[in-house]
Amino acid sequence: MFTTIAIVLLVLIATVLIYAATRADDFVVTRSASIKAPPEAIFPLINDFSRWPAWSPYEKLDPQMKRTLSGAESGKGAAYAWEGNAKAGKGRMEIVNSVPSSLVSLKLDFEKPFRANNSVDFTLTPSGDNTAVSWAMRGSRPFIAKLMGLFMNFDTLIGKDFEAGLANLKRLGEK
């Protein structure tokens with residue numbers, strides 16, 4: 001009896017591990033919002049890390065978080081490093097491309113609570129009196145992330161933060 005249970009458990013575990021290994025190696029999380037403001041009103045909020053505390057949902061994870069701005073004041077070359085509690089973690093992001101009023105691309109490196117290297121794009125597209133703002137993050141998924149992804153939906157977890165940040169941008173941009 002014990003042997004049968006052990007074999008069944010091993011087969012189940014092996015099945016889960018094999019299935020996880022077949023998952024996509026990369027991920028993309030994207031959210032968009034329509035903001036009733038011109039791109040020129042929204043772009044500076046994204047392109048300048050000193051303005052992120054006003055809208056980024058990640059700024060509220062740790063009130064004691066240490067923040068360090070370096071490089072350019074804004075745009076390409078501007079960098080932002082942080083170190084905080086277990087929720088905020090530790091990492092660094094740098095603007096690697098900045099096209100006025102249309103695109104801000106970031107290199108995003110996490111150190112804690114896990115190591116990850118991702119890219120982030122904020123795309124602003126005018127549409128009449130509105131601007132469509134898209135926030136996308138791309139990266140690779142190591143095996144452990146593929147396995148965890150079987151039990152939690154990263155798109156939902158990260159996406160809700162993006163939705164909150166875009167709602168904050170909307171509030172600020174439409175003032």
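Is isoleucine 5 buried, partly exposed or exposed, and at what relative accessibility?

## Isoleucine 5 up close

We're looking at a predicted model here. Isoleucine 5 has a relative accessibility of 44%. Buried needs a value under 20% and exposed one over 50%, so isoleucine 5 ends up as partly exposed.

As for where that is along the chain, isoleucine 5 belongs to helix 1, which covers residues 2–21. Ile5 is also part of a nonpolar patch on the surface, alongside Met1, Val8, Leu9, Leu12 and Ile13. Taken together, these residues offer about 630 Å² of accessible area.

## The fold

Zooming out, the protein has four helices and seven strands. Read from the N terminus, the order goes α-β-α-β-β-β-β-β-β-α-α. That puts a helix at the start, then a strand and another helix, then a run of strands, with two helices to finish.

Among contacts with a separation of 6 or more, 52% link residues 24 or more positions apart. As for overall dimensions, a box of roughly 70 × 35 × 25 Å along the principal axes holds the C-alpha atoms.

## Surface and charge

The protein has 175 residues, and 37% of them are buried. Its accessible surface is about 10,100 Å², with carbon and sulfur atoms contributing 62% of that.

On the charge side, there are 21 positive and 17 negative charges in the protein. Average the positions of each set, and the two means sit 4 Å apart.

Key. Residues numbered from 1 in each chain as written. Predicted model: local features only at pLDDT ≥ 70, side-chain atom pairs only at ≥ 80, totals over all residues. Heavy atoms only, no water. Buried < 20%, exposed > 50% of the residue type's maximum accessible area, 1.4 Å probe, protein only. Contact = heavy atoms within 4.5 Å. Areas by Shrake-Rupley, 256 points an atom, 1.4 Å probe, with all protein chains shown as cover. Lys, Arg positive; Asp, Glu negative; His and termini not counted. Charge placed at Lys NZ, Arg CZ, Asp CG, Glu CD. Patch = residues over 30% accessible without salt bridge, like charges linked within 9 Å, V, L, I, M, F, W, Y side chains within 5 Å. Salt bridge = Lys/Arg side-chain N within 4 Å of Asp/Glu carboxyl O.
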